[in-house]
Amino acid sequence: MVFYLPETIDTASSLDDFTPRQIVTELDKHVIGQKAAKRSVAIALRNRIRRQKLTQDLADEVLPKNIIMIGPTGVGKTEIARRLARLTNSPFLKVEASRFTEVGYVGRDVESMIRDLVEISIDMVREEKADEVAEKAEQNAEERLLELLLPVPPKSERRPGENGEAALALEQFKRTREKLRAQLRDGKLDERMVEIETRERNFPAFEVFSSQGVEEMGINIKDMLPPGLFGDRTKKRKMRISDALDYLTQEEENKLIDMDQVTRAAVERAEQSGIIFLDEIDKIAGRERGAGPDVSREGVQRDILPIVEGTTVNTRYGMIRTDHILFIAAGAFHVSKPADLIPELQGRFPIRVELHTLSQEDFIRILKEPKSALVKQYTALLETEGVKLTFTDEALEEVARFAAVVNEQTENIGARRLHTIMEKLLDEISFEGPDLKEKNIRIDTNYVRKQLSEIVKNQDLSRYIL
């Protein structure tokens, strides 16, 4: 019932190998409990895999089954969606529904979420391509740097002479360059200064007085200007060789990557496997009740509706279809309920799952089980200064009890409460850590009670609430 901190997911060799049961198993590594939510997202993901095997005509008709997750904060709603996206290597965007309002009110246009998703997809594909060409880019950058350090002799000096002096000079040049290459790779030249040409990326600022963005108006200002007018000028800069090598490697990567191909692949990935997590959807639930801040709630829902049901959005990379993007909405629904959403929007979220609140046993598990558990994080952090922390099982149970009590007495913020508790518990050790003479510290029940007793005694508790 609790989400874990980010950690790399070990994916199978092919996404086709993931059955719904295996998807749930992967999610179990990072989220405890919440079986119903995991089953729902696992089925949604598997249906995407199944859809790719259908004929084109039928595949176009199979739409994703969007999901509403209902549950309090800190129980794993966002983490389930994020882990699902990482598992499938899908573009993932988390956005608060309350950021969007009707035209004329403060807020962002709802179509901006699609543009943001495409940008994320572009970055993902570009990074993948950069990994593919990284070795070649490093080789090219190395050659350019060696050329600066030891230029190739002019051809006139390389013609064979009567005594073969030119040939000997060329051989000597090659040996010298190889020595430089070895020193460069060993980092012995890192601090030397070198002068390289860098591109200036200056571009004038334009202010658009319009409720629409540049994408909606269909204007690409750079395309309207003569080539080379901005951004193509170069100037010489002095920098350390280590920095110059990084700069030249990045420049070579840009040359080797076909951005047109990246854009096509990224747009397709965003359309076919993008996931948008709409958080705080309960904040826009409810009908209009007259004047005041609530007047825009139904308007926001109606603005979001066409995006969820499928439309085309104009972006700087062309028109993007939203028909097959998976939308996962989430909200606590303390005041409102899913039925308060307009019927049209409810119909676009056919799957509803409820996530449970955390118990003391859940807190114990989050402290003990994951590879990146909070206890292990704090232990590793303090170990960098020679402080060796050890926690007894009883101490961790006491920490979990305090977290549960504070959640009951104040706002229930779920697993995030453990961050507050652990910071308070280790406050003194963290502060005194570098100066401690005794480096082996054992955290037992008595120490936990001593450090955290004030939290329960203080009925206000305001300073301990995140």
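**A note on the predicted model, starting from His324**

1. A good place to begin is His324, found in the loop that links strand S7 (318-321) to strand S8 (326-331). Helices (H or I, at least four residues) and strands (E, at least two) are DSSP runs, numbered from the N terminus. Please keep in mind that this is a predicted model, where local features need pLDDT of at least 70, side-chain atom pairs count only at pLDDT 80 or more, and totals for chains, interfaces and linings use all residues. Residues are numbered from 1 along each chain as its sequence is written, and side-chain values use heavy atoms, with hydrogens and water left out.

2. Is His324 buried or exposed? His324 has a relative accessible area of 5%, so it is buried (under 20% relative accessible area; exposed is over 50% and partly exposed in between, with a 1.4 Å probe and protein chains only). Setting aside neighbours within four places in sequence, His324 has contacts (heavy atoms within 4.5 Å) with Arg48, Arg51, Ala59, Asp60, Val62, Leu63, Pro64, Glu271 and Gln272. With Val62, a polar atom of the His324 side chain lies 3.3 Å from the backbone oxygen.

3. Stepping back, the protein chain has 18 helices and 11 strands. Of its 466 residues, 43% are buried. For contacts between residues at least 6 apart in sequence, 79% join residues at least 24 apart.

4. Next, the interior. The largest nonpolar core (a set of buried Ala, Val, Leu, Ile, Met, Phe, Trp, Tyr and Cys residues joined through side-chain atoms within 4.5 Å) holds 58 residues, and Ile328, Met422, Leu425 and Ile443 have the most contacts inside it. Helix H15 (residues 393-409) supplies the largest share of this core, 8 residues. Another core lies apart from it, with 40 residues that include Leu93, Ala270, Leu278 and Phe327.

5. Which residues does Met422 touch, leaving aside neighbours within four places in sequence? They are Leu367, Leu374, Val375, Tyr378, Phe391 and Val399.

6. Leu367 also appears in helix H13 (residues 360-368), where it is buried along with Asp362, Phe363, Ile364 and Ile366. The cover over the buried residues of H13 includes helix H14 (374-383), H15 and helix H16 (416-425).

7. Finally, a detail on rings: the charged end of Arg401 sits over the ring of Phe402, 4.9 Å from its centre. For this, NZ of Lys or CZ of Arg must be within 6 Å of the ring centre and within 35 degrees of the ring normal.

Conventions:
Polar contact = N/O pair within 3.5 Å; in protein donor to acceptor, adjacent residues only side chain to side chain.
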